[in-house]
Amino acid sequence: MSEKTQVLIVDDEVDICWALENILMLEDYNYKIHIATSGKEGLNFIEQLHSTISLLILDIKLPDIDGLKFADFVRQHYPQIKIIIITGYYYRHSDIVQQGLANNLFDGFIGKPFKISEIHSTIESIAS
Amino acid sequence: MNSTSKSQNMIGFDNIRLSEREYERLCNMIFSSIPSSLLLFDRNLRVLIANRNFLEKSHRTKANTLGKHINKIFTNVILEYTRLRERIQAVFKTGIGDRGREMYYRSHGLPSRVYFYNLTPLLDNRNAVEGVLLIMVDITQQVSLREKVRQTERHLVCVVESANDIVTSLDSKGMITTWNNAAEHISGYMERELIGKSLTSMCIDEQKTTLTSIIKSISLGKTVKHVELSLKVKNGKIIPISWSFALMRDNTQAVVGIVGVGQDRTERRELEAQLFQSAKLASLGVMAGGIAHEIRNPLCISSAAAQILLANPDNEKLRMECAEKVYTGIKRASQIIEDLLKFTRPTEEHFELLNINNAIEETFNMIEKQMLLMRINVIKKLDLHIPIIRAEKNLLKQAFLNIILNAANAMPNGGTLTVTTLTHENNKILIIFKDTGCGIPLKNIDKIFDPFFSTMPVGQGTGLGLSITYSIIKHHGGAIHVESIVGKGSIFKIEIPIKNT
């Protein structure tokens with residue numbers, strides 16, 4: 001990867017954004033991170049930066065916008081953006097997660113709380 | 001009888017000139033029309049006169065009555081039982097009449113009848129007893145009525161004494177006049193200890209004025225049903241009792257007293273408390289999804305921060321940041337647990353002075369996040385000058401929570417929940433929850449407070465929430481109403497009296 005991979009993190013929990021940013025930045029990866037703490041803010045980033053953003057890490061329980069609809073919108077309009085959903089609301093084996101993965105609504109799932117290694121392995125599996 | 005005694009005995013006839021014959025006819029007429037049986041005896045206990053009433057009642061003829069000895073008129077049993085012969089002889093001797101007595105008299109082939117009789121001496125003009133008049137009034141009917149009254153009385157006494165509830169009567173000033181078995185059993189005080197004492201004196205201090213005013217309003221003719229007033233009983237315990245009071249009036253509508261019936265609510269309270277408790281756990285189940293999310297976020301922050309720190313131990317700035325995040329996350333998580341514990345802890349019966357706005361704020365704090373996630377916009381229009389009421393805070397929070405969760409379920413695509421508090425007519429506060437949800441169909445609106453009524457899929461709602469809310473509001477002496485338009489939303493209106501106890 002010669003160019004920096006641009007990542008958009010959307011989570012209303014500022015501290016979760018902080019953690020994700022640090023996890024990504026402190027590894028040897030070559031990332032540029034954008035952070036949005038609401039659905040609306042996230043959509044703004046997408047509208048402006050969709051050509052450069054390649055990975056979206058998205059909390060699906062957002063106060064202002066349904067995260068799954070957010071994901072759906074991105075998938076419809078900007079299919080090149082890979083989507084990892086992150087939530088404390090569902091488990092990996094929850095129907096909604098399993099169906100979403102099977103139907104290609106998103107590419108990866110990370111449950112809260114997570115291990116740093118999970119973040120890396122999920123990103124890697126999507127990239128490959 | 002000579003003409004002197006005639007004018008003496010028949011006052012009022014002086015001005016009417018009657019021949020001896022006419023006079024006798026008149027006497028006979030009066031004699032025979034009197035609705036009592038009359039027999040006049042001479043000194044030898046022979047019948048001088050028997051009136052028509054006697055002859056008819058005893059089925060006798062003039063021929064076998066007049067001139068006959070008393071022994072031929074009454075059976076020996078009656079004569080011996082009533083000692084009528086001796087009594088008549090005594091009247092002849094003393095010239096003093098005999099007071100009334102009862103006599104059971106049964107003519108051959110007829111049902112027995114009860115007579116009230118007395119003996120009156122007829123005096124001649126020298127004040128000697130000329131004859132003794134036996135007057136017998138048939139009181140069979142009165143006696144049977146009296147028996148019925150006695151039976152009814154015994155029945156009532158039986159009912160009152162075998163009742164499980166307190167039955168007490170008070171005079172119009174509230175002083176105890178009767179105190180039944182159950183009352184003795186529940187209170188530990190015997191009837192004799194309480195007669196003449198006021199019921200108010202047994203009330204717990206903070207309810208004394210309530211009872212006094214209840215007694216006053218009952219005396220004015222009001223019926224009071226289902227007032228909860230606790231009594232302090234002999235062993236010092238306080239027993240919650242649900243009372244009904246009614247006024248006792250006599251035939252002239254004058255107030256003669258008050259009857260109070262009181263049901264020991266201890267057991268019911270315990271059951272209610274259990275129900276409230278299980279309902280809390282049930283609503284906890286409904287909230288569980290939200291709670292998991294609530295708690296996983298701070299856990300995730302702490303866990304991630306700790307992992308970052310472990311991976312980068314040498315970065316000074318990061319170390320501080322991580323420690324701080326770990327701490328914040330743990331603090332947040334334990335706060336959530338604390339709130340939950342507070343909520344699920346069994347509530348002790350505890351009325352306290354409460355600003356209802358605080359209870360509402362605290363309820364929303366518990367589910368603020370969930371409201372956000374469900375995209376429910378909460379608008380609070382709380383009256384800052386709302387009067388303080390006496391209430392059980394945890395119970396009210398439970399009641400509000402159930403309404404809020406119900407509203408949230410009615411708005412699966414988000415919406416607005418407006419909560420308003422205000423004072424109404426200076427004697428109650430109103431708490432209004434208005435949602436913009438799917439509304440309640442007319443056919444369901446009467447059922448929504450019924451236990452186990454739920455429109456949610458099996459496993460998603462217990463159907464207990466609103467019924468619990470209902471009983472909690474009742475517990476506070478309040479009322480709850482619902483208005484709803486399908487497709488527009490519902491309004492839950494709660495009223496709580498300001499001076500409740």
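Biologist: Which residues does Leu417(B) touch, leaving aside those up to four places away in sequence?

Modeller: Please bear in mind that this is a predicted model. Leu417(B) touches Phe364(B), Ile376(B), Asn377(B), Val378(B), Ile379(B), Ile404(B), Ala407(B), Met411(B), Phe433(B), Lys434(B) and Asp435(B), where residues up to four places away in sequence are not counted. Leu417(B) itself lies in strand E14, which covers residues 415-424 of chain B. For one of these partners, Val378(B), the C-alpha atoms are separated by 4.9 Å, although the two residues are 39 apart along the chain.

Biologist: Is Leu417(B) buried or exposed?

Modeller: The relative accessible area of Leu417(B) is 0%, and Leu417(B) therefore counts as buried, the limit for that class being under 20%. Across chain B, 42% of the 501 residues count as buried, while in chain A, with its 128 residues, buried residues make up 51%.

Biologist: How many helices and strands are there in chain B, and what is the order of elements in chain A?

Modeller: Chain B has 16 helices and 17 strands. In chain A there are 5 helices and 5 strands, and from the N terminus on they follow the order β-α-β-α-β-α-β-α-β-α. The contacts can be read alongside this, taking those between residues at least 6 apart in sequence: in chain A, 68% of them join residues at least 24 apart, and in chain B the corresponding share is 55%.

Biologist: Two of the partners of Leu417(B), Phe364(B) and Ile404(B), also appear in the contact of H13(B) with H14(B), so how should I read a pair of helices like this?

Modeller: Two packed helices are described by the angle between their axes and the distance between the axes. Helix H13 of chain B (residues 356-373) and helix H14 of chain B (residues 393-410) pack at about 45°, with their axes 9 Å apart. That angle makes H13(B) oblique to H14(B), and the crossing is right-handed. On the side of H13(B) the contact is made by Ile356(B), Ala359(B), Ile360(B), Glu362(B), Thr363(B), Phe364(B), Met366(B), Ile367(B) and Met371(B), and on the side of H14(B) by Lys393(B), Leu396(B), Lys397(B), Phe400(B), Leu401(B), Ile404(B) and Ala408(B). By class, the residues of this contact divide into 12 nonpolar, 1 polar and 3 charged.

Biologist: At what angle do the axes of H1(A) and H5(A) cross?

Modeller: The axes of helix H1 (residues 14-26) and helix H5 (residues 116-127), both of chain A, cross at roughly 65° and come within 11 Å. The angle makes H1(A) roughly perpendicular to H5(A), since that class covers 65 to 115 degrees. The crossing of H1(A) and H5(A) is right-handed. Leu20(A), Ile23(A) and Leu24(A) of H1(A) meet Ile116(A), Ile119(A), His120(A) and Ile123(A) of H5(A), a contact that by class has 6 nonpolar residues, 1 polar residue and no charged residues.

Biologist: How many disulfides does a search of the whole structure find?

Modeller: A disulfide is a covalent bond between the sulfur atoms of two cysteines. Here the search, carried out over all chains, finds 0 disulfides. As for individual cysteines, Cys17(A) counts as buried because its relative accessibility is 1%, whereas Cys438(B), at 44%, counts as partly exposed.

How values were computed: Residues are numbered from 1 along each chain as its sequence is written. Chains are lettered from A and ligands numbered from 1 in the order in which they are written. This is a predicted model: local features need pLDDT of at least 70, side-chain atom pairs count only at pLDDT 80 or more; totals for chains, interfaces and linings use all residues. Side-chain values use heavy atoms; hydrogens and water are left out. Axes are lines fitted to C-alpha atoms, for helices over the stretch in contact, and angles run from 0 to 180 degrees between N-to-C directions. Helices (H or I, at least four residues) and strands (E, at least two) are DSSP runs, numbered from the N terminus. Angles under 35 degrees count as roughly parallel, over 145 as roughly antiparallel, 65 to 115 as roughly perpendicular and the rest as oblique. A crossing is left-handed if the near helix is turned anticlockwise from the far one by less than a right angle, and right-handed if clockwise. Contact means heavy atoms within 4.5 Å. Ala, Val, Leu, Ile, Met, Phe, Trp, Tyr, Cys and Pro count as nonpolar, Asp, Glu, Lys and Arg as charged, and the others, Gly among them, as polar. A disulfide is a pair of cysteine sulfur atoms within 2.5 Å. Buried means under 20% relative accessible area, exposed over 50%, partly exposed in between (1.4 Å probe, protein chains only).
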